[in-house]
Amino acid sequence: MLTRPSDSVLLTVTGKDGPDTTARLTGLLAQAGAELLDVEQVVVQGLLTLALWVRLPDGASLPLLPELARELGVTVDVLAVPPAVAPPGAEPLRYVVTAAGKALGVQDVHALTQRLAEGHARVERITRLSETPLAAVELHVTLPPDADPSALKRALLALSMASPTFDVALQRESLYRRGKRMVVMDMDSTLIRIEVIDELARAYGVHAKVAAITERAMHGEMDYDESLRQRVALLAGLDARVLHELAANLPLTEGAETLIRVLKRLGYRTAVISGGFSVAAEALQQRLGIDFAYSNALEVRDGKLTGRTVGTIVNARRKAELLETLAKQEGILLEQVIAVGDGANDLLMLEKAGLGIAFRAKPKLREAADTSISAGGLDTILTLLGLTARELREVG
């Protein structure tokens, strides 16, 4: 018989799950006039864990609880919960940690939870997002109000870089985390596996010269606009058919088709904003059904590249401007935009978006972005949105 030993009690029910287990237990509590303060339930491989935090009326008891537990084939543990004392000060900071890979082993989960403990993050809930095998989990954690979330982000980034088999992402838990409405992507080395200008340069026999200019730009010896002008100038005289043939056979990054297909079915707007070339970006737009495509246009005369671009160069600043303009045009808040890129010229775009993702990027961009993906494909973004394997099956 259970009598009221304190202000409230926590009932933890474990055992084989039955179709009416929860209904019969809550029915018993309702008959006793119990006040339900909190409830959590999970079923793993047919085994139930149900937690009921209740307050019983003065003098109330649950004499039939042991008999009901035996009938249901479960064990009920009772823990007296002392009156809570509200801590002074601000609310804790709430975050969601997502770990995703081909398969997550116990060593992976241990390494992750160890880093969280070292960062003073308390795990409140763990949810499985994948099916068999265990490949993706979502952890809801809290940090003390005075904690430094960037320190935890750096620790998780280091873990991800040291464990190339899975990615770890940290996001602020908010209304907008699963309320995203637009995904904007870079093209070269993000949506596709190649750099189009490198392939054109190889076809024209000027790859070494183009690569040398790219290297100088990466070391800050010239700005992006000038480096693009000089590289494009080396392509003067190239038959435009080479560009169109390349654009018709672009190698997609792993998970790209799945990502775009699911986003479209869920009503997301999608865009490519690229410092690459329009023939390739527009070919991808048609192939994948992407809503918008912005990139640099190569000038063509008499079927040959002139070595010049037409119109405003899409550089880092222009990418960020286009993202903001597009979001405003579509009536979407910046907090509801995801931006994905791999290079330094994507940084401003990633900073402008509500969630900036560095995809298979250099360490500098990974450190600056909100989160990063290195082990998985582009469809890992769907996991970061909190979508489960079952939900992904529903949208096909």
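How many bridges join strand 1 to strand 4, and in which sense do the two strands run? The legends below describe close-up views of a predicted model.

**Figure 1. Strand 1 and its pairing with strand 4 and strand 3.** Strand 1 (residues 8-16) and strand 4 (residues 74-81) run antiparallel and are joined by eight bridges. In this pairing, serine 8 stands opposite valine 81 of strand 4. Strand 1 also pairs with strand 3 (residues 47-55), again in the antiparallel sense and over eight bridges. Here leucine 10 stands opposite tryptophan 53 of strand 3. In a regular strand, side chains alternate between the two faces of the sheet.

**Figure 2. Surroundings of threonine 270 in strand 10.** Threonine 270 belongs to strand 10, which spans residues 269-277. Its relative accessible area is 0%, and because buried means under 20%, threonine 270 counts as buried. Leaving aside residues up to four places away in sequence, threonine 270 touches Val183, Ile260, Leu263, Gly289, Ile290, Asp291 and Phe292.

**Figure 3. The largest pocket and its lining.** This pocket has a volume of about 1200 Å³. It is lined by 38 residues, of which Met218, Tyr224, Gly343, Ala344 and Asn345 are the closest to its centre. Among the elements that give two or more residues to the lining are helix 5 (196-204), helix 6 (207-218), helix 7 (224-233) and strand 10. By class, the lining comprises 15 nonpolar, 10 polar and 13 charged residues.

**Figure 4. A salt bridge within helix 5.** Arginine 202 forms a salt bridge with glutamate 199, and their closest N and O atoms are 2.8 Å apart. The two residues are three apart in helix 5, which means that about one helical turn separates them. Arginine 202 is partly exposed, at 47% relative accessibility, and glutamate 199 is also partly exposed, at 26%.

**Figure 5. Salt bridges of aspartate 239.** Side chains of opposite charge can pair when their charged atoms come close. Aspartate 239 forms a salt bridge with arginine 241, with the closest N and O atoms 3.2 Å apart. Arginine 241 counts as exposed, at 58% relative accessibility. The side chain of aspartate 239 also meets that of lysine 304 in a salt bridge (4.0 Å, N to O). Aspartate 239 lies in the loop between helix 7 and helix 8 (240-247), whereas lysine 304 lies in strand 12 (residues 304-310), so this pair ties together parts that are 65 residues apart in sequence. Lysine 304 is partly exposed, with a relative accessible area of 38%. The whole structure contains 21 salt bridges.

Technical notes: Residues are numbered from 1 along each chain as its sequence is written. This is a predicted model: local features need pLDDT of at least 70, side-chain atom pairs count only at pLDDT 80 or more; totals for chains, interfaces and linings use all residues. Side-chain values use heavy atoms; hydrogens and water are left out. Two strands pair if DSSP finds at least two bridges between them. Helices (H or I, at least four residues) and strands (E, at least two) are DSSP runs, numbered from the N terminus. Buried means under 20% relative accessible area, exposed over 50%, partly exposed in between (1.4 Å probe, protein chains only). Contact means heavy atoms within 4.5 Å. On a 1 Å grid over the protein atoms alone, a cavity is a set of points where a 1.4 Å probe fits but cannot get out, and a pocket is an open set with protein on both sides within 12 Å along at least five of seven lines; lining residues have an atom within 4 Å of a point. Grid points are joined across faces, edges and corners, and a volume is the space filled by probe spheres set on the points. Ala, Val, Leu, Ile, Met, Phe, Trp, Tyr, Cys and Pro count as nonpolar, Asp, Glu, Lys and Arg as charged, and the others, Gly among them, as polar.
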